[in-house]
Each structure stands twice: as C-alpha cells, then as structure tokens.
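The report below walks through the sheets, the helices that pack on them, the nonpolar cores and the surroundings of the ligand. The sequence and the structure come first.

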Amino acid sequence: MQHDGGIRRRRSRRIMVGKVAVGGDAPISVQSMTNTETTDVAATVAQIEAIQGAGADIVRVSVPSLDAAEAFGVIRRQVQVPLVADIHFDYRIALRVLELGVDCLRINPGNIGRVERVRTVVEKARDLGVPIRIGVNAGSLEKDLQLKYGEPTAEALVESVLRHIDILDHLDFQNFKVSLKASNVFLAMAAYRQIATQIDHPLHLGITEAGGLRSGTVKSAVGLGALLLDGIGDTLRISLAADPVEEVRVGWDLLKSLRLRSRGVNLIACPSCSRQGFDVIGTVNALEARLDDITESLDVAVIGCIVNGPGEARVADLGLTGGTPRHLLYRDGKVQDKLDKADLVDQLERHIRATIRARAEAEASIIARG
Ligand code: SF4
C-alpha cells in the first residue's frame, strides 16, 4: 500500500496498455470511448484526437465487425494514444485486430465460444504482449446467474467475472484487468469492493449507463469517488450520454478533487452573491474555456469579495479577490497586483500563463544546472 494524495491505494499488479501503465503505482488513468462509426476512419481519428486532447490516457473503440477491424488497423496507425478494441462474441475480430495492432482487447473469454477459439486469441495476445480487459456488466449477466441470483447482485457480478478469470487462469494468462459495471451505484460499489479483496489485478472503474452530463457526472462522482477514497481503482471511465470529451473532463475533475492526479488549472471559485465585486460566474466560465490547453498544474482562486478571497488566495498559486475600486491579485499568498474591472479575464489569463511560463523556466534552469 502506498500514499497517494492521502488515499492508500489497493496494491495491484501492473499491466501495460501500450505505453500507459495501469495498476501498481501507476497514476490512475482516464479513459473514454469513441461513439463514431469505426468504419468512418476520418471521423473516428478526429474524435480520438479530441478525446486525447482533453487528457485521455487510453481510448476505447468498438470493433463490431471484420470491416471495423480493418478500419481499426488504419486508425491505429494514425493516432498516438493507446487504443483498446472493444469486441463481443466474434473471436475472428479479436485475431484480426491483434494482427493489425492493438494495445488492449476488451473481450470476455467466456463469450467467444469453444475453448480452442479462446486459446487462439489468448496465445496471440500473449505472443504480442497485449493485455485483456474482462468487463462484466449487470445488464448482460449470464442467464444461469440471473436465474441463480434472481436479479443482478454484487455476488452475481463477481461470480461472472471469476468465470472469465478462471478461463484465463487455465491458460496461464495473467495480463488482464477487470471491470464490473452497473448503472446502480450501490451495486457497482459492492461488486468492486468484493472483487478488490479477491484478486490483485488492476481494476477499471465505471458506473455504466450513468446518464446525461449532469446526472451521470453526479452518479459517477458518488460511486467512483467512494471507491477511489477506499483506494480501489487503477483506471476509470466516466460513462455519459454526452460528448466523450466531457467524460474525460469529468474523469480528470474527479481525480483532481481527490488529489489523485493533477492536470491543468484547478479553479477554486465562490458561488458568488450580491457582495461580488465582479462577475464571478462569467469570469470562471470564460477562464475555463480559454485555459483548456494548459496541462501544467496550477491552483487559481477566483473569489468575489474579501469575505473569503484572501483566505483562498493564500492557499492557491494565484488568487483574484473582488475589491473596490480595484480587484486584488495574489501570487503565492501575497498581493501582487491590482486589476481594473475592464479586461479582467484578459489580465487574469495573462497572469496565469506568465506564472506557468516562469515556473517552467525556473525548472528548466534547475535541470540545466544539474
Ligand atoms: S466570497 Fe464574497 S462574493 Fe463570493 S459568495 Fe462569499 S460573500 Fe459572496
């Protein structure tokens, strides 16, 4: 067990999804999935690049047919981010994407038929060093388990995943990670907590079919947040009925809020009220849109008045506090400048970018000095 942002993470074995480590002491990776037609190579590549641009470490692509497998091969050569091929039932698709190049297969060994077929896929994945994600889902539980348990339960999900794991165990294949997804937060949490004590493979977290942008974000934050606080989870996807780029943003915000990872500008903002000295909400929205390209970590407090402004500014890297007649800009807890109302967002953006540049130059000079 190790400390990570104050959370003691479950110790898991490490696998490699392309160049991205998952499990062990690797940072918790953020994933999303394309929703374009995979056979539409240009659209899929564009979406993968957008997802990667938002900060995804790994992107999953559905490969529902052999035509899609051929397209996947072309897509794979055009993008940098590791790709997971999502395959159901047809082992020939798995073999073809393995031939063409893939960083991880999402496939359930129990669903691809005869043992020789499973063996062929697993042997090829082993030869190529490609890991597998076993993913069970409350919505597609095996019929006999539905009958045995009457409804999807945590025990049923765990029994289902252990069956798939058993198949890989018999083939002496341990290069896999596991997910047990449900749209019910309590069910997903219970299933992940159970499996976390039974295996040491990396766990891919998700609340499946969580909902639209707002409700799905809340549901995922509750379920995944509780698991992450328990130290469970090595990689995650926030499933939203929304643009996949939003899934990545939410994933990052979740990890940032638990101090498990940092990326980009972390805005601390007050909700605003009649005391505000400037338009807090408008300023925060404008900054979020403008600072999307920044990957360096920086805490920036945007607070409407002196009630909470100086306190928040003291613990942030940069802080703006509404004041009269001018607003106060803090750097490292000290008032650095006084800003006029006009062009407030422009001025703040300039300060944020200058701070990031100055830090990068300072780091570079330390490295140059050895
Ligand atoms: S910090 Fe000031 S402006 Fe912001 S909510 Fe509190 S009292 Fe209102």
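In this predicted model, leucine 105 has its bridge partner, isoleucine 132, in strand 9. The two strands concerned, strand 8 (residues 104-106) and strand 9 (residues 132-137), pair in the parallel sense over two bridges. Helix 6 (residues 154-170) packs on the sheet, where it touches strand 9 and strand 10, and its direction makes about 155° with that of strand 9.

The sheet to which these strands belong is open and has eight strands in the order 10-9-8-7-6-5-12-11, with parallel pairing. Strand 10 (176-181) and strand 11 (204-205) stand at its edges, and because each has a single partner strand, one side of each is left without a neighbour in the sheet. Helix 7 (residues 185-198) lies across both of these strands, strand 10 and strand 11, and runs at about 150° to strand 10.

Leucine 105 also takes part in the nonpolar interior: in the largest nonpolar core, which has 85 residues, Leu105 and Leu180 touch the most other members. Helix 7 gives the most to this core, with eight residues. If neighbours within four places in sequence are left aside, leucine 180 is in contact with Val136, Leu157, Val158, Val161, Ala191, Tyr192 and Ile195. A second, separate core has 24 residues, including Phe278, Leu287, Leu318 and Leu320.

Two loop residues can be described together with their surroundings. Alanine 138 is found in the loop between strand 9 and helix 5 (143-149), and serine 239 in the loop between strand 12 (235-237) and helix 9 (244-257). Is each of them buried or exposed? Alanine 138 has a relative accessible area of 15% and is therefore buried; serine 239, with a relative accessible area of 8%, is buried as well. Apart from residues up to four places away in sequence, alanine 138 touches Pro152, Leu157, Lys181, Ala182 and Leu187. Serine 239, with its neighbours within four places in sequence likewise left aside, is in contact with Lys181, Ile207, Thr208, Glu209, Ala210, Gly211 and Glu247. Lys181 thus appears in the list for alanine 138 and in the list for serine 239. Threonine 208, one of the contacts of serine 239, has its C-alpha atom 8.9 Å from that of alanine 138, although these two residues are 70 residues apart along the chain.

The other sheet to be described is open and consists of five strands in the order 13-14-15-16-17, with mixed pairing. Strand 13 (265-269) and strand 17 (334-339) stand at the edges, and since each has a single partner strand, one side of each is left without a neighbour in the sheet. Neighbouring strands of this sheet are turned by 20° against each other on average, with direction ignored. Helix 12 (residues 344-369) lies across strand 13, strand 14 (298-303), strand 15 (318-321), strand 16 and strand 17, and runs at about 160° to strand 14.

Within this sheet, strand 16 (residues 327-331) runs antiparallel to strand 17 and also antiparallel to strand 15. The table lists the bridges of these two pairings.

| Strand pair | Bridges | One bridge pair |
|---|---|---|
| strand 15 and strand 16 | four bridges | leucine 318 and arginine 331 |
| strand 16 and strand 17 | five bridges | leucine 328 and lysine 338 |

Histidine 327 stands opposite leucine 339 in strand 17. A hairpin joins strand 15 to strand 16 through five residues, whereas the hairpin of strand 16 and strand 17 has two residues between the strands, and in it aspartate 332 takes a positive phi near 50°. Four of the five residues of strand 16 are buried, so this strand is largely enclosed by the rest of the structure. Leu318, which pairs with arginine 331 of strand 16, is also one of the members of the second core.

The last topic is the ligand. Which residues are found around it? The surrounding residues are Cys270, Ser272, Cys273, Arg275, Gln276, Ile303, Gly304, Cys305, Val307 and Asn308. By character, this shell divides into five nonpolar, four polar and one charged residue.

How values were computed: Residues numbered from 1 in each chain as written. Predicted model: local features only at pLDDT ≥ 70, side-chain atom pairs only at ≥ 80, totals over all residues. Heavy atoms only, no water. Near = heavy atom within 4 Å. Nonpolar A, V, L, I, M, F, W, Y, C, P; charged D, E, K, R; others polar. Pairing = 2+ DSSP bridges. Contact = heavy atoms within 4.5 Å. Axes fitted to C-alpha atoms, helices over the stretch in contact; angles between N-to-C directions. Core = buried A, V, L, I, M, F, W, Y, C linked by side-chain atoms within 4.5 Å. Buried < 20%, exposed > 50% of the residue type's maximum accessible area, 1.4 Å probe, protein only.
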